[in-house]
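Student: Hey, can we go through this one together? I keep mixing up what counts as buried and what doesn't.

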Amino acid sequence: LALGTVSGAGTLRVSGNVTFGDTSGLAGLAVDSGRITLNEIVNDLEIGRGTLYYNGPDATSGHALTLAAGSKNAAIVQNDHNLTLTGDVSCISGAFVKRGAGTLTLSTTKSNVYIGRQTNADSQEWGTDTPAMATGDAPTNGFASVTVVDGTLRLTGSGSFVTGADVYSGARTVRDGEGRETSGELLIDGAGFTVNGQMHVGFVNGTTETTTEPTHSVVRVKSGRATFSNDNSLYICHAKVADVNMTPEFIVDGGTVTMKKLSFGVVTLPADPRTHATMTVNGGTVAITDIGLNFGDRAVTGGVQVPTTFNMNGGAFTAAGDGACMGRYGSVSALNLHGGTFAVKRIFRSGATPGDTTINWNGGVFQPNADGQTSKDIAHVYVSTNGCVVNVTSTMTHTMAFALTRDPALGAAADGGVTKRGTGTLSLTSAASTFTGPVAVE
């Protein structure tokens with residue numbers, strides 16, 4: 001149904017599929033079920049168990065958005081062009097799904113604004129024949145409290161947002177054989193964001209049956225505060241099916257990120273060889289408060305865990321627990337220390353069926369945060385131009401028992417050697433080290 005100019009007192013409530021022209025004469029507009037299509041946002045909006053499809057140009061609106069899908073249902077906003085909403089945003093009930101290739105920006109100055117009320121008890125996971133996100137206008141199974149299917153959901157402003165349960169950036173949205181899986185991005189850009197559940201980057205976000213090329217879903221913290229409160233806080237690359245085909249990444253450019261645990265590569269059946277889990281820290285502060293950093297976090301039936309890469313380019317990363325455990329369950333693990341400060345108890349390789357492990361050291365600072373520990377058993381530790389830098393603070397002692405090897409990619413260029421900082425004691429015990437640069441004590 002297509003309507004031109006619509007006016008009248010009060011809020012117009014819609015059940016069905018309606019395309020509107022001019023709605024400026026209405027006090028408000030609500031979709032209880034079905035789908036409404038708008039080319040401009042000139043009303044306060046309420047979305048129930050249905051879809052708001054915005055097909056207009058890039059725009060900003062100060063009107064309010066209320067999400068009220070009800071338990072076990074989702075309210076969907078689909079926008080193919082960029083849409084910024086600066087009015088009051090609130091979720092009364094149910095889940096929230098972002099669809100469409102455009103960026104949807106939610107801005108708030110208020111604290112603890114819910115954008116998803118769905119609880120984990122009412123959230124729906126995918127099944128063998130049921131996609132994680134039904135392709136209709138009001139899915140009733142296969143979504144978290146907040147799900148970013150495609151495009152970008154950007155959270156900004158001086159206030160903060162919160163969810164009732166898990167969040168998916170990238171999820172399974174199509175059936176086997178359809179080949180049109182999409183990638184999503186969650187961007188935290190100035191606002192606070194608290195997930196009262198698990199944050200998933202790439203949750204069964206494509207298999208060889210649902211996409212020919214790997215999906216690349218992202219969570220990026222540009223500025224602001226991200227807090228993942230569940231005991232199993234952050235999953236990067238999570239799947240319970242075979243042949244997953246995805247390359248999810250968690251990126252921190254600035255701001256503050258706090259979590260209890262990072263599960264990095266959690267695939268329980270053999271995956272497509274292109275599947276890869278990546279975390280990149282370019283700036284800001286990241287703190288894991290409970291369990292250390294595990295490269296590969298689940299045994300794989302009939303195979304090995306997917307490859308994992310941690311890029312430390314700037315900022316500060318701190319993890320409690322036993323340190324950085326690489327190569328778990330056969331995963332090929334890489335730690336790239338190119339900048340910033342990487343503070344963990346120790347860096348070591350898992351003793352249970354470990355995979356190939358590599359540290360590429362090019363100026364990043366390793367700072368042991370517990371006394372009397374030994375970093376060991378890493379297969380390849382390559383020292384590049386800016387060298388291996390270790391800061392042992394206070395009166396602590398630390399031993400590095402793995403060999404420090406000159407990076408073969410340097411060719412005839414010199415490596416940066418080893419720089420020891422701090423008032424503690426660092427012991428290098430491997431006789432197999434081949435770096436040729438200087439050893440400096442600062």
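Tutor: Sure, let's start there: buried means under 20% relative accessible area, exposed means over 50%, and partly exposed is in between. Keep in mind that this is a predicted model.

Student: OK, so is Lys 261 buried or exposed?

Tutor: Lys 261 has a relative accessible area of 13%, so it counts as buried.

Student: And what does its side chain pair with?

Tutor: With Asp 297, in a salt bridge at 3.5 Å, N to O. Lys 261 sits in the loop between E21 and strand E22 (262–267), while Asp 297 is in the loop between strand E25 (293–295) and strand E26 (308–319), so the bridge ties together parts that are 36 residues apart in sequence. Asp 297 is buried as well, at 7%.

Student: Why would those two pair up at all?

Tutor: Side chains of opposite charge can pair when their charged atoms come close.

Student: How many salt bridges does the structure hold?

Tutor: There are 15. One of them joins Glu 46 and Arg 13, with the closest N and O atoms 2.8 Å apart. Glu 46 is in strand E3 (residues 44–54) and Arg 13 is in strand E1 (residues 7–19), so that pair links parts 33 residues apart in sequence.

Student: Are Glu 46 and Arg 13 buried or partly exposed?

Tutor: Glu 46 is partly exposed at 25%, and Arg 13 is partly exposed at 44%.

Student: Got another pair for me?

Tutor: Try Asp 253 and Arg 220, whose closest N and O atoms are 2.7 Å apart in a salt bridge. Asp 253 lies in the loop between strand E20 (249–252) and strand E21 (256–259), and Arg 220 lies in strand E18 (residues 218–228), so this bridge also ties parts that are 33 residues apart in sequence. Asp 253 is partly exposed at 28%, and Arg 220 is partly exposed at 26%.

Student: Switching topic: how many helices and strands are there in the chain?

Tutor: Zero helices and 39 strands.

Student: And how does the radius of gyration fit with a compact globule?

Tutor: The chain has 24 Å, and a compact globule of 442 residues would be near 22 Å, so the two agree. Its C-alpha trace spans about 85 × 45 × 40 Å along the principal axes.

Student: What share of the residues is buried overall?

Tutor: Buried residues make up 55% of the 442.

Student: Last one: what about charges?

Tutor: The chain has 28 positive and 35 negative side chains, and the centres of the two sets lie 5 Å apart.

Key
Residues are numbered from 1 along each chain as its sequence is written. This is a predicted model: local features need pLDDT of at least 70, side-chain atom pairs count only at pLDDT 80 or more; totals for chains, interfaces and linings use all residues. Side-chain values use heavy atoms; hydrogens and water are left out. Helices (H or I, at least four residues) and strands (E, at least two) are DSSP runs, numbered from the N terminus. The radius of gyration is taken over C-alpha atoms; the globule rule is 2.2 Å times the number of residues to the power 0.38. Buried means under 20% relative accessible area, exposed over 50%, partly exposed in between (1.4 Å probe, protein chains only). Lys and Arg count as positive and Asp and Glu as negative; His and the chain ends are not counted. The place of a charge is taken as NZ of Lys, CZ of Arg, CG of Asp or CD of Glu. A salt bridge is a side-chain nitrogen of Lys or Arg within 4 Å of a carboxyl oxygen of Asp or Glu.
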